[in-house]
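User: Please take me through this structure as a tutorial, beginning with burial and then going on to packing and DNA contacts.

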Amino acid sequence: MPRPELLEQIYTIVDQIPAGRVTTYGRIAAMTEGATARSVGSAMRHLPEGHTLPWHRVIAATRKLADHDSAQRQHELLRAEGVTFDVSGKVPAHLLWP
DNA sequence: GTAATGACTCCTT
DNA sequence: TAAGGAGCCATTA
């Protein structure tokens, strides 16, 4: 579990991802001070109950979904928002949030 | 203080 | 383009 300051920064950034767009763990980590991609992943795993964060818009740098328990649900949520996936299961580059 | 772990990333084949 | 392996960094035991 990342430090509280990092969690706060990570949550703030994730909350700013527009619907229908996605970003990567590394991008988020780069926007914080001290966090790494793995730290961001850890933060997503420990999301507080009742949160309203669009955690499903966070994917791996390969533009595929990271391998975790909720990946299937994440895929459904993204498709519901209009995010498309190519034949190899990757999100189109133009959907990446800067 | 040391070692292990993880919703990752980058650099080679 | 894809697959494999080393590297990273914060957290935990």
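User: Which residues of α3 are buried?

Analyst: Burial is judged by relative accessible area, where buried means under 20%, exposed means over 50% and partly exposed is in between, computed with a 1.4 Å probe on protein chains only. By that criterion the buried residues of α3 are Ser39, Val40, Ser42, Ala43 and Met44. The helix itself spans residues 37-45, helices here being DSSP runs of H or I with at least four residues and strands being runs of E with at least two, numbered from the N terminus. The cover over these buried residues includes α1, α2 and β2, contact being taken as heavy atoms within 4.5 Å.

This is a predicted model, so local features need pLDDT of at least 70 and side-chain atom pairs count only at pLDDT 80 or more, whereas totals for chains, interfaces and linings use all residues. Residues are numbered from 1 along each chain as its sequence is written, chains are lettered from A and ligands numbered from 1 in the order in which they are written, and side-chain values use heavy atoms, with hydrogens and water left out.

User: At what angle do the axes of α1 and α3 cross?

Analyst: An axis is a line fitted to C-alpha atoms, for helices over the stretch in contact, and the angle between N-to-C directions runs from 0 to 180 degrees. Helix α1 (residues 4-15) and helix α3 have axes that come within 10 Å and cross at roughly 80 degrees. This makes α1 roughly perpendicular to α3, since under 35 degrees counts as roughly parallel, over 145 as roughly antiparallel, 65 to 115 as roughly perpendicular and the rest as oblique. On the α1 side the contact is made by Leu7, Ile10, Tyr11 and Val14, and on the α3 side by Ser39, Val40, Ala43 and Met44. By class, these residues are seven nonpolar, one polar and no charged, where Ala, Val, Leu, Ile, Met, Phe, Trp, Tyr, Cys and Pro are counted as nonpolar, Asp, Glu, Lys and Arg as charged, and the others, Gly among them, as polar.

User: What does Ser39 touch beyond residues up to four places away in sequence?

Analyst: Ser39, which lies in helix α3, touches Pro2 and Ile10 once those sequence neighbours are set aside. Its C-alpha is 7.7 Å from that of Ala29, ten residues away in sequence. Ser39 also has a polar contact with DNA, a term for a pair of N or O atoms within 3.5 Å; within protein, one atom must be able to donate a hydrogen and the other to accept it, and residues adjacent in sequence count only if both atoms are side-chain atoms. Here an N or O atom of the Ser39 side chain is 3.4 Å from a sugar or linking oxygen of DNA strand C.

User: Which residues are around DNA strand C?

Analyst: A residue is near a strand if one of its heavy atoms lies within 4 Å of it. For DNA strand C these are Met1, Pro2, Arg3, Gly34, Thr36, Arg38, Ser39 and Lys90, of which two are nonpolar, three polar and three charged. Of the strand C atoms within 4 Å of the protein, 89% belong to sugar or phosphate and the rest to bases. One example is a phosphate oxygen lying 2.8 Å from a polar backbone atom of Gly34.

User: How many residues surround DNA strand B?

Analyst: DNA strand B is surrounded by 15 residues, the closest being Tyr25, Gly26, Arg38, Ala61 and His68. Sugar and phosphate make up 45% of the strand B atoms that come within 4 Å of the protein. Helix α3 gives the most to this surface, with five residues, while α2 (25-31) and α3 each supply at least two. The classes there are seven nonpolar, five polar and three charged residues. At the backbone of strand B, a phosphate oxygen is 2.7 Å from a backbone N or O atom of Gly26. At the bases, one nitrogen is 3.3 Å from a backbone N or O atom of Met44, and a base nitrogen lies 3.0 Å from a side-chain N or O atom of His68.

User: Is Gln74 buried or exposed?

Analyst: Gln74, in helix α4, is buried, because its relative accessible area is 1%. Apart from neighbours within four places in sequence, Gln74 is in contact with Trp55, His56, Val58, Ile59, Leu65 and His68. By contrast, Gln9 in helix α1 counts as partly exposed at 26% relative accessibility. The side chain of Gln9 reaches the backbone nitrogen of Glu33 at 3.2 Å.
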